[in-house]
Amino acid sequence: MNDTPIVSIQNLSVALPKGGDRPYAIENVSMTIARGEILCVVGESGSGKSVAASTLMGLLPRGLKIASGEACVAGENVATMTPERLRALRGREVAMIFQEPLSALNPLMRIGAQIVELFEAHKAYPGEAGRRRILELFHYVGLPDPERLIDSYPFQLSGGQRQRVVIAMALALEPKLILADEPTTALDVTTQAQVLDLLRKIRREHGTSILFVTHDFGVVADLADRVVVMEKGRLIEEGSVDQVLTAPREPYTKKLIAAVPRLKPAHLPPPGEEIVLSLQHVTKTYGGSSGWFGKARTVKAVDNVNFTVRRGETLGIIGESGSGKSTTGRIIVRLVEPDQGEILFHGQDMMQLPRETFRAKRKALQMIFQDPLSSLNPRKRIRTILTDGPLAHGMDRATAEARAADLMRYVGLGEAALDRFPHEFSGGQRQRIGIARALMLDPEVIVADEPVSALDVSVQAQVLDLLNELQRRMNLALVFITHDLRVAAQLCHRVAVMHRGQIVEYGETAAIFADPQHPYTRQLLAAIPGRHLDEISA
Amino acid sequence: MKSFWQRYARNVGGLIGLGILGSIVVIALFASILFPVSPWQMQGAPLLYPFEEPGFPLGTDMLGRDIAAGLAYGTRVSLFVGVVSTAFAVLLGIGVGACAGYFGGWIDDALMRVTEFFQTIPQLAMAIVLVAIFTPSLPSIVLAIALVSWPPVARLVRAEVLSLREREFVEAAIVLGRPTHKILLDEILPNAMPPVIVTASLMVATAILTEAALSFLGLGDKNFMSWGFMIGAARTMLREAPLLTVFPGMAILITVLAINLAGEALNDALNPRLRERGQ
């Protein structure tokens, strides 16, 4: 073929609408992608990492405009293309894989028909040839039973299968370039590993260039040939994957790589002896009522779960989506009522208490939520958010406010934060407020449900440090729910691995990471992206 | 608060609506100063044209009553009925909707069946029946209008509460041990208010129309002059003196239009994201 790079972006600046916090989404950015190369663009939220990909597709969000520079695909500037040319380019020469495969597919159309639309738009594979091509593609991306899937609707597929359909669609016309914007972020680790394998295979067998946008250095380590690091709209470092990961030049890159939690379990101070919380034979089944037609579909969300947490101990509950880990957490604080089983707090079964009596006990059992924005009432000042709980338990206002001020300082936000509203804070700060709220009642047990999964990695590291410190200082029993084994390794004394509602492995973190017994645990550990990264840093 | 007014002020129609509404309220408040004589009093020759005689800017009706005075006093009745009946309807609707949405189960089923029962009967027909049963008076008109107009509020509040109670900040309040009534009143309802306020503003307009229709049919309060009564009384003279019906008709039109303009601007200001999407 020829030597012109498939992508050549020269001094590209994209302007943000006036009145934003900065004038440009990306500023003076240059990058090239050679044919058959995988380039990863890494950055935290707000770094402008997705903007370059949108520009190449001619799909800049409303309000964003190219201010200067050019973005060329195969030597042709996207900015000066006519809409007709741009339409011809999309799908045929450049294809895109989106983050959320469910919203990228039309929910009311059979999957096969959605790909046929693409063929019709580009006048390719007419009639029967189209169906044959789709079956071939489904087979290639490893979808089970293509003959059946072709006539299914998106909701009938799992998340991983949907993403494979989106990839098959991207591949359909053999584009020279695939733009992938965080395509594995919404997927479980094991599925993510399979999708990354598939992308490598596509590059190997078809010579397709891939621009892969991600926030995850683990994924970068596994996939990239070259890496571009973005910060606040600027390209700050560029180089081969080995060079950037082993010898980063910029302090920001160093900080990002250092913030990725290591897989080697951390040394934690030993927990106390006293058992604070104990779950025995806890079971929760969803579904059940059958309605008028058809029989009931039931799902055992939590199936005979047993574990104990001691004072000063962190127990990690690890699992993928649908494993029942969140339901288990919610059962502990009784947001979900279990069907069977006992929840013993200092030996007393909480399930036996009537709701009103239990309400007084709630002080001791607190929770930190996943989404720091939706877990704070948008209409209340932080002061009210923090003091509502203690006031409900009979603390007087002066004491509650003094404690709120103390805790704000303790989580690193300062007293001035008390008079502000939740939307005035960043994600990491909001999560600190969520932590402070849980601490206001001086609890003995805290359930933290994926408290850092919505945060950027550098912020994630700070919040984890805070949790770690606070747990030690207050001698808390912490139940830490996560899908991220790296985070679990850094924080948890023991872990319980959940799969389809059951605990399949339970024990000391170090022992399980070193020698997993259950095949599912092994599969999980093998799927962690960027094991390579740990070898480099070790 | 500042940004709310900035967003509201961006809507020119909303400002016009608010301006008209303001003047209408002023007229209602000062009706007895502007027109010290009762609007029922026969003051001049019957069927004067506007400006035919000084002191009667809009002329007189078939009994020689001042039309301008009638309109000014009618403003009081219309605004009173519109605002008070809407207030009752909104309170009832919020109560029913919040309980149905938050508690769910059989409570939801029972309350929603009642709501649907009220919704299946045509509003005006039921209002007529209710006023006829209670005997026509201002309180019975307000009550009747409130009773026929609460179901949409209840459904709206229920839907809002259903989605809000799944939010994490509500779960956080449960975990903190706040009592149920506090969670409902303090956490959920304030967040459900913006769409209710918008609906309420438009309900005021509907209530004014319903009151006018009732008065037109002779089911108004005989102690108070109202726009609907004026139209009803002038109906027989429609061909001889059309202006007698045109003026109160215009008053209803302008008031309802102003309220709708203001309500729409309120909607845009309270839900800024919806507006951006529409552009």
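Two residues are in contact if their C-beta atoms, placed from the backbone, lie within 7 Å. The structure is a predicted model, in which local features need pLDDT of at least 70, side-chain atom pairs count only at pLDDT 80 or more, and totals for chains, interfaces and linings use all residues. Residues are numbered from 1 along each chain as its sequence is written, while chains are lettered from A and ligands numbered from 1 in the order in which they are written.

**Exercise 1. The contact between the chains**

Task: Find how many residues each chain gives to the contact, and describe the side of chain B that touches chain A.

Solution.
Step 1. Chain A puts 21 residues into the contact and chain B puts in 16 residues.
Step 2. On the side of chain B, helix H9 (168-176) and helix H10 (180-216) are the elements that give two or more residues. Helices (H or I, at least four residues) and strands (E, at least two) are DSSP runs, numbered from the N terminus.
Step 3. The most comes from H9(B), with 8 residues.
Step 4. Sorted by class, this side of chain B has 8 nonpolar, 2 polar and 6 charged residues. Here Ala, Val, Leu, Ile, Met, Phe, Trp, Tyr, Cys and Pro count as nonpolar, Asp, Glu, Lys and Arg as charged, and the others, Gly among them, as polar.

**Exercise 2. Chain B as a whole**

Task: State which elements chain B has, what its C-alpha trace spans, and what share of its residues is buried.

Solution.
Step 1. Chain B has 13 helices and 0 strands.
Step 2. Along its principal axes, the C-alpha trace of chain B spans about 75 × 45 × 30 Å.
Step 3. Of the 279 residues in chain B, 42% are buried. A residue is buried if 20 or more other C-beta atoms lie within 10 Å of its own, exposed if 12 or fewer, and partly exposed in between, with C-beta atoms placed from the backbone.
Step 4. Take the contacts in chain B between residues at least 6 apart in sequence: 69% of them join residues at least 24 apart.

**Exercise 3. Two domains of chain A**

Task: List the domains of chain A and describe the contact between domain 1 and domain 2.

Solution.
Step 1. The assignment for chain A gives domain 1 (1-93 + 179-257), domain 2 (100-174) and domain 3 (275-287 + 299-368 + 443-531). Such domain bounds come from an automatic or database domain assignment.
Step 2. Between the C-alpha centres of domain 1 and domain 2 of chain A there are 25 Å.
Step 3. Domain 1 of chain A supplies 11 residues to the contact and domain 2 of chain A supplies 13 residues.
Step 4. On the domain 1 side, helix H2 (83-92) and helix H8 (189-206) of chain A each supply at least two residues, and H8(A) gives the most, with 6 residues.
Step 5. By class, that side of domain 1 has 6 nonpolar, 4 polar and 1 charged residues.

**Exercise 4. Strands of chain A**

Task: Give the order of the open sheet of 4 strands in chain A, then trace the partners of strand E11 (275-287) of chain A.

Solution.
Step 1. The open sheet runs in the order E2-E1-E4-E5 (chain A), and its pairing is antiparallel. Two strands pair if DSSP finds at least two bridges between them.
Step 2. Strand E2 (24-33) and strand E5 (76-77) of chain A are the edge strands, each pairing on one side only.
Step 3. Strand E1 (7-15) of chain A pairs with E2(A) over 6 bridges in the antiparallel sense. Opposite Val14(A) stands Ile26(A) in E2(A).
Step 4. E11(A) pairs antiparallel with strand E12 (298-310) of chain A over 9 bridges, and with strand E14 (340-345) of chain A over 5 bridges.
Step 5. Leu277(A) stands opposite Val309(A) in E12(A) and opposite Phe345(A) in E14(A).
Step 6. Phe345(A) has Gln348(A) in E15(A) as a bridge partner. E14(A) and E15(A) form a hairpin with 2 residues between them, and His346(A) in the turn has a positive phi of about 50°.

**Exercise 5. Positive phi in two loops**

Task: Locate Asp442(A) and Phe51(B), and decide whether each is buried, partly exposed or exposed.

Solution.
Step 1. Most residues other than glycine have a negative phi.
Step 2. Asp442(A) has a positive phi near 55° and lies in the loop between helix H16 (427-439) and strand E17 (445-449) of chain A.
Step 3. Asp442(A) has 14 other C-beta atoms within 10 Å, so Asp442(A) is partly exposed.
Step 4. Phe51(B) has a positive phi near 60°, and its place is in the loop between helix H3 (31-34) and helix H4 (67-103) of chain B.
Step 5. Phe51(B) is exposed because 10 other C-beta atoms lie within 10 Å.
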